[in-house]
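Work through the following exercises with the model open in a viewer. Each task is followed by a solution in steps.

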Amino acid sequence: MSDPLPETEREEVMARHRKEKKELQCKIQSMKKMKVDKKKKKEIQEEIANLEQEIEQRHAEELNRLNLSDAPEPSSNQPDSNGEAHEQSNVDTEKEEPRLSKAQRRRDKKAQDNRERDAQIREEQAVLQKSSPRILENNRINEILIKRDMLTHSVPADGDCLYNAINHQLTQLGIGSYSAPELRSMAADYIEANRDVMICYMSHPDTGDMLSPEEFDKYCHQVRATKAWGGEIEIKALSTSLKCPIEVIQAVGPATVHGQDESANRKLVLTYHRHMYRLGEHYNSTKPMPPREEEEDD
C-alpha cells in the first residue's frame, strides 16, 4: 500500500521540522548563556521546557493533519471496483486515533491552560515589583549614581553591611583594608574617647532620652562585639578616625557627608537603603561605571 503522504512532500516537511528544531536549539543555547539571577534562571528554564513541548506538539499535529488529509475516506463496508472493502482506511484510523484521542486533547488543553496561567502570574508579579518601595528606591538611587558614572556594589545584609561597605571603598581607593571587627573596634574606641561629644547625638530608642552612663557603655560594647547594625554615629566616628569624608546617598533627600574637612580625594561613597530588606536599613558600597566600548562609525 502507498504512503498516505507523498514521499517528496514528507521529506520536505521533515527537513523543515529538522531546521526548526535546530533553530530552537540555537535559541535555547543563547538563553542558557544569559547571566541572570536564580529566580530569572528558573523562569528561563520553564520557558525552554515550554518551547520544546510546543514545537514537538506542533510538529506531531502537522504530521497528523497531512496524513489524514491524504488518507482514503473511512468506509469499512463499501466495496471497491473489485468488490474489496477499503481496509486501509480502517488501518489508518486505528493508527491515528491514539494521537487525537479525547484524553490527549484534554491533557494538551490543560498544559496550555497551565502555561497561560503561569505567564499571567509572572506578568502580575512583574507589575507589582515595579511599583514596590524597594524597586522605586533602587531605581532612584541608580539614577543618582549613573549621573556620576557610578554603580552600586552590593554587600551582604549580615549586620556588618556598613563596615563591609566602608572596607570596600577603602580597598578600592588603595587606602587600606580592614576587617569588620577592626572597623567596629575603631568606631567603638572613638565613641568612648569622645563620650562628652558623642553622647549628645545619642538617645534611647524607646524613650528618646539621653543615654545614661551604663547605657552608653552597653552601646559601645554592642558596636565593638556584636552584629549590631551601624548608623550615623559609627559613620561619624569612622570618618574622623580614617580621615576620610564619607558621603551617604539615599533615594529621598540630599546626600549627607561626614568629615567634610578631610581630603576630598579620600572620600568614600555609600548608598543607604530603607526598603531593600525587611529587617531594616542597609548600606551598600559604590564603584565606578566600567568604560563604555567605543561606538561604531555610522
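The exercises below go from the whole chain to its core, its helix packing and some single residues.

The coordinates come from a predicted model.

**Exercise 1. Overall composition**

Task: State how many helices and strands the chain has, what share of its residues is buried, and what share of its contacts joins residues at least 24 apart.

Solution. Step 1: the secondary structure consists of 10 helices and five strands. Step 2: the chain has 298 residues, and 30% of them count as buried. Step 3: take the contacts between residues at least 6 apart in sequence; 60% of these join residues at least 24 apart.

**Exercise 2. The largest nonpolar core**

Task: Find which members of the largest nonpolar core touch the most other members, and which helix gives the most residues to this core.

Solution. Step 1: the core holds 33 residues, and those touching the most other members are I166, I191, M202, L238, L242, I246 and Y283. Step 2: at least two core residues come from each of α6 (161-173), α7 (180-193), α9 (213-225), α10 (232-242), β2 (246-250) and β4 (268-277). Step 3: the largest contribution is that of α7, with seven residues. Step 4: look at I191 and set aside neighbours within four places in sequence; its contacts are then M198, M202, F216, Y219, C220, I233, E234 and A237. As background, nonpolar side chains in soluble globular proteins tend to be buried together.

**Exercise 3. Helix α6 and its packing on α7**

Task: Compare the span of α6 with the expected value, list its buried residues, and classify its crossing with α7.

Solution. Step 1: α6 has 13 residues and covers 18 Å from first to last C-alpha, close to the expected 18 Å at 1.5 Å a residue. Step 2: the buried residues of α6 are C161, L162, Y163, A165, I166, N167, H168, Q169 and L170. Step 3: the axes of α6 and α7 approach within 9 Å and cross at roughly 105°. Because angles of 65 to 115 degrees count as roughly perpendicular, α6 is roughly perpendicular to α7. Step 4: α6 contributes Y163, N164, I166 and N167 to the contact, and α7 contributes A180, L183 and R184. Step 5: sorted by class, these are four nonpolar, two polar and one charged residues. Step 6: just after α6, G174 has a positive phi of about 75°.

**Exercise 4. Helices α7 and α10**

Task: Classify the packing of α7 and α10 and name the residues that make the contact.

Solution. Step 1: the axes are 9 Å apart, and the packing angle is about 95°. Step 2: α7 and α10 are therefore roughly perpendicular to each other. Step 3: on α7 the contact residues are L183, M186, A187, Y190 and I191, and on α10 they are I233, E234, A237, L238, T240, S241 and L242. Step 4: by class, this contact has nine nonpolar, two polar and one charged residues.

**Exercise 5. Positive phi outside glycine**

Task: Locate D149 and K243, and give the phi and accessibility of D149 and of K243.

Solution. Step 1: recall that most residues other than glycine have a negative phi. Step 2: D149 has a positive phi of about 60° although it is not a glycine. D149 sits in the loop between α5 (133-147) and β1 (150-153), and its relative accessible area of 47% makes it partly exposed. Step 3: K243 also is not a glycine, and its phi is positive, near 60°. K243 belongs to the loop between α10 and β2; with 51% relative accessibility it counts as exposed, the cut-off being over 50%.

**Exercise 6. A strand residue and its distant partners**

Task: Place K287 in its element, state its exposure, and list its contacts beyond four places in sequence.

Solution. Step 1: K287 is part of strand β5 (residues 280-288). Step 2: its relative accessibility is 32%, which counts as partly exposed. Step 3: not counting residues up to four places away in sequence, K287 touches M150, L151, T152, H153 and Q172. Step 4: for K287 and T152, the sequence separation is 135 residues and the C-alpha to C-alpha distance is 6.3 Å.

Conventions:
Residues are numbered from 1 along each chain as its sequence is written. This is a predicted model: local features need pLDDT of at least 70, side-chain atom pairs count only at pLDDT 80 or more; totals for chains, interfaces and linings use all residues. Side-chain values use heavy atoms; hydrogens and water are left out. A nonpolar core is a set of buried Ala, Val, Leu, Ile, Met, Phe, Trp, Tyr and Cys residues joined through side-chain atoms within 4.5 Å. Buried means under 20% relative accessible area, exposed over 50%, partly exposed in between (1.4 Å probe, protein chains only). Helices (H or I, at least four residues) and strands (E, at least two) are DSSP runs, numbered from the N terminus. Contact means heavy atoms within 4.5 Å. Axes are lines fitted to C-alpha atoms, for helices over the stretch in contact, and angles run from 0 to 180 degrees between N-to-C directions. Angles under 35 degrees count as roughly parallel, over 145 as roughly antiparallel, 65 to 115 as roughly perpendicular and the rest as oblique. Ala, Val, Leu, Ile, Met, Phe, Trp, Tyr, Cys and Pro count as nonpolar, Asp, Glu, Lys and Arg as charged, and the others, Gly among them, as polar. The expected span of a helix is 1.5 Å times one less than its number of residues.
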